[in-house]
Each structure stands twice: as structure tokens, then as C-alpha cells.
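Here is a briefing on one structure, arranged by topic. Look over the sequence and the model before reading on.

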Amino acid sequence: MIRVVLPAHLRALARFEGELHLELDEPVTIERVVAAIEERFPMLRGTIRDGATGRRRPYVRYFACERDLSHDATDAELPTRIARGEEPLLIVGAMSGG
Amino acid sequence: MGSARRLHEGCDMSSVRVLVGTRKGAFILTSDGSRRDWRIDGPHFPGWEIYHVKGSPVNPERIYASQTSAWFGQVMQRSDDGGATWSTVGNGFAYDGVPGTHQWYDGTPHPWQFARVWHLEPSLDDAETVYAGVEDAALFLSTDGGATWSERSGLRTHSTGNTWQPGAGGMCLHTIILDPSNAQRMYVAISAAGAFRTDDGGATWTPINKGLRSEQIPDQDAEVGHCVHHVAMHPARPNTLFMQKHWDVMRSDDGGDSWREVSGNLPTDFGFPIDVHAHEPETIYVVPITSDSHHFPPDGRLRVYRSRSGGGEWEALGNGLPERNCYVNVLRDAMAVDRLDTCGIYFGTTGGSVYVSPNGGDAWHEIVRDLPAVLSVEVQTLP
């Protein structure tokens, strides 16, 4: 089981509260996690990654295990603790503004 | 008498619903025909920028909303119960083919890139059909209630398209006007490309900017490149258009083929919105703003100006509006009129106030204050 925490705006859009739990086969990658989120919540298509290019939206970040994974390859395996569900993958709206 | 006829004549209507888009959500303001007491409902979609909310003239319970965020992109919403509940619909705005480039601020080529939907224009005869004007400037159409969108690419691929340049707010298609007498004709306006007309349902487009002069561009009377802020039309006079340009208030009586200035005695002819009285096609409204570098009313005094002669001669309307220390702006889509017997005029400010005049501008009162900055105001006149 993969645990995912979505930002508040996307939880509201999906009408979903709390931590999201996904069942994914290995290898667990950002690409596969986001695809599973979009499949379960079609209204989130285009909000995490661009609907046309598939690229992460510039102000969205992927954090896990106290690391910023935003710039890693999206088909790279996520840390073992994420794949085992020991820690959540955090999808975050980046800090910006003054 | 059928309901459509009643809607057109505006004789039996008893209530209004004002749809307000703001920087941090949407609000729905309702009142009976007296327009004295108001119910404020919202925020809908709190925290998101709501560029535009507009109802179908065919089915007023069908409302479309553009919800957007710098973080999470474009979301489209649809209501089938007058805004009580909402459902997300399609947000796939893909340009037709390889979109190429337009001019960037520094004059270099810049790839066309979708940013957001600025304006929604529901069809005059089908509630499932709606147009969307987007940034970077293009026109999209949905015929399935917003589920899917396709570009009417004849506009963006106009031979001048690669010369278009963004205004300060982005290169946005912000105005869409459907001609009620001719389903093949519509008008759009783009900052800072200018105004365009189609006479074949959107397949091909003609720039309609003859008579415009803009000191901010190298060729002041160029075919394109003018920063048109807004255009308005009375449905009974589809060949007459009124325009608030970056500077200058303009008028055309030949469907945009030519324009003449009607700024007349306005204290300043810079501004954003322009609208036409529901029952008097020669009565028009603007909100003069000090200048392009001072986006607030002259002398800190908020006043709407009305012309009963289709421009040229203007009168100040300030009864009930702030007399001093008012430094807000009124954005291009933030003015609307209802169709009650005594036409109501509405506008919202970047300071978060929404005002109404239930008597054509003679006196105003504040419906609500301290909302987030108002981006758009539309009004539905209901039976």
C-alpha cells in the first residue's frame, strides 16, 4: 500500500479527506502514483502534472523521506519506505509569494 | 407568452442572480426585483482564482465557471442548479496542431502556451454549447456541456498571429460576443492584439481595428497590436459595438469595419469595462481610471460615467459611490446589466466591493464589501 498526502486544495477538489491509500505493483514510481491518483480522481487530471505534456506543474513538489524528489526522473523507483507504506509521499503546493 | 419571449422583453421578471468571480473564490448574490436586500452565498471554490462565471441564456440553471490556480492549473466547473452544487468538467485545452510562436514582451518568438480560461460565453440557443477565451490567446468550443473542448484554430492561426504580443496581464482572449441575429458572426478581443470578427462560425477571422490609434505601438494605426480592454454590444443593434481601449472609448456602427472615438468629455478615457443599458441601445457606461500607470479613479473618487447618446457626451454618476480615498480598479469583465424594467447596473472592484444601481446608474448602493479582488461580474435576470 502506498500512502499519499495531497494538498488541501486538491483534497477539496476531489472531495476527499485524509491520507490517500493506493495499491500499486512494483516498481513504485512518481509516474505510476500520479497516474493512479488521476484514475481514481479524474477531476485531478491536469492539476499535478500538465495534461498535455505530462510534466510536473512548476509549483507542485514531491517530497518523501525528508527529500525533495521533484527533480528526479518520474520513472525512478521511490524510496523503499514509500513503496512499503512506512512513510507517505507528500505532494505539495510550493511555497511562493511574499 | 412563452418563457423565451418573457426573458427577451424583461417584463415579468422578479429576481436577479449576480455571479461574482474573485481572486479567492466565487460568490453568488441574489435579490428580488427591488434589488435592495441581498443574500450572499460563497465562497465557492475558496482559495482559487475564479476568472469568470456565466449562466446559459437558454437554461439559467446551467452555469459555467473558470477555476484556476498558479499551483494547480485550470479546472472547469459546471452547475445545473443555479450554482447550488457544482461538478468538475473537462480541462483539456490543447491547441490544434503544433501551435508555433507569438511575440514575447521583448519581441522574441515565444511558444504558444495555455495558461487559463479568462472568459466563458454560453451559446444563445444551446445550453450544452459554450465558448472559452483563453490565455495564450485562442478560442475553444465545447458542445457537450464542458466535458471536452476543441480549438477554433482559425483565429490563432490568422496570418498576424505570430506578431501578437501579450499585454501586462498576459496574452488573453477576454471578450466573446455572439451576434443574436446571425449565428455565423461573432466578435472577440485580445490583449494586446485587438478585435477580430468571424462571419463563418469561427473558421476564419478578420482583424477589425481600423480607426484605432495606440501610441504604445510603433505603427499607431496598425492592423493588429492594439490593447482592446473590452467590447460591448446591445443585442438589438448587433452592428453597433462599443469599445474601451487601453486609452480611448470607441464606437463602430458597421460591425467593427471602422471605429471612431467617442471619449468626448470623459475626465480620462483610460479604463477597462464598458457596457450597454438593457433597454436603451444608445446608453452606455464606463468607469474612467486615471491612467495606464495609475490604475485607480481620478482624485480617489469612484464614479461611473454614462452617455445617453452612444458616446461623446458623458455624465458622472457618483450617488452612493465612494467620494474620497478610493484607490481601487474595476476590471474588464467586472460590469454587467440586468434586464428588469428599470435596468440595473452592477460592477465589482479590486477592493472587493460589488455595487448595484437599480435605476440605470442614478443611485448606487454596495451589495457587499471586503470580498477578495473582483475579477468578473455577470447577472442573470430570472422569472
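The buried residues of helix α2(A) pack against four strands of chain A: β1 (2–5), β2, β3 (60–64) and β5 (89–93). This is a predicted model. The points below start with that helix and the chain around it, then turn to the pockets and to single residues in both chains.

**Helix α2 of chain A**

- Helix α2 of chain A spans residues 30–40.
- Its buried residues are I30(A), V33(A), V34(A), A36(A), I37(A) and E38(A).
- An α-helix has 3.6 residues a turn, so residues three or four places apart point the same way.
- Among the buried positions, I30(A), V33(A) and V34(A) come before A36(A), I37(A) and E38(A).
- The partners of this buried set include β1 (2–5) and β5 (89–93) of chain A.

**Chain A as a whole**

- Chain A holds 3 helices and 5 strands.
- Along the sequence they run β-α-β-α-β-β-α-β.
- The radius of gyration of chain A is 13 Å, close to the 13 Å that the globule rule gives for 98 residues, so chain A is as compact as a globular protein of that length.
- Along the principal axes, its C-alpha atoms fill a box of roughly 35 × 25 × 25 Å.
- Buried residues make up 40% of the 98 in chain A.
- Take the contacts in chain A between residues at least 6 apart in sequence: 51% of them join residues at least 24 apart.
- The exposed area of chain A is about 5,600 Å², and carbon and sulfur atoms supply 47% of that area.

**The largest pocket**

- The largest pocket has a volume of about 1,400 Å³.
- Its lining counts 45 residues.
- Nearest the centre of this pocket lie K54(B), P57(B), L124(B), P235(B) and R339(B).
- Several elements of chain B each supply at least two lining residues, including α1 (3–9), β4 (49–55), β10 (116–122) and β14 (172–178).
- Also in that group are β18 (228–233), β22 (274–276), β26 and β30 (374–382) of chain B.
- β30(B) gives the most, with 5 residues.
- By class, the lining has 26 nonpolar, 11 polar and 8 charged residues.

**The second largest pocket**

- The second largest pocket holds about 1,000 Å³ of space.
- It is lined by 35 residues.
- Closest to its centre are D50(A) and R57(A) from chain A, with Q113(B), F114(B) and A115(B) from chain B.
- β5 (63–69) and β6 (73–79) of chain B each supply at least two residues of this lining.
- The lining of the second largest pocket divides into 14 nonpolar, 13 polar and 8 charged residues.

**Cis peptide bonds in chain B**

- The peptide bond from G42(B) to P43(B) is cis, with omega near 0 degrees.
- P43(B) sits in strand β3 of chain B, residues 39–44.
- E135(B) and D136(B) are also joined by a cis peptide bond, with omega about -10 degrees.
- D136(B) lies in the loop between β11 (130–135) and β12 (138–142) of chain B.

**Positive phi outside glycine**

- R15(A) is a residue other than glycine, yet its phi is positive, near 55 degrees.
- Its place is the loop between α1 (8–14) and β2 (20–22) of chain A.
- R15(A) has 66% relative accessibility, so it counts as exposed.
- N325(B), also not a glycine, has a positive phi near 55 degrees.
- The loop that holds N325(B) runs between β25 (315–317) and β26 (335–337) of chain B.
- N325(B) counts as exposed because its relative accessible area is 65%, and the cut-off for exposed is over 50%.

**E313 of chain B**

- E313(B) is found in the loop between β24 (304–307) and β25 of chain B.
- Is E313(B) buried or exposed? At 56% relative accessibility, E313(B) counts as exposed.
- Which residues does E313(B) contact, leaving aside neighbours within four places in sequence? They are N265(B), R306(B), S307(B) and R308(B).
- E313(B) and T350(B) are 37 residues apart along the chain, and their C-alpha atoms are separated by 27 Å.

Notes
Residues numbered from 1 in each chain as written. Chains lettered and ligands numbered in written order. Predicted model: local features only at pLDDT ≥ 70, side-chain atom pairs only at ≥ 80, totals over all residues. Heavy atoms only, no water. Buried < 20%, exposed > 50% of the residue type's maximum accessible area, 1.4 Å probe, protein only. 1 Å grid on protein atoms, 1.4 Å probe; cavity = no way out; pocket = protein on both sides within 12 Å on 5 of 7 lines; lining within 4 Å. Points joined across faces, edges and corners; volume = space filled by probe spheres on them. Nonpolar A, V, L, I, M, F, W, Y, C, P; charged D, E, K, R; others polar. Rg over C-alpha atoms; globule rule 2.2 N^0.38 Å. Contact = heavy atoms within 4.5 Å. Areas by Shrake-Rupley, 256 points an atom, 1.4 Å probe, with all protein chains shown as cover.
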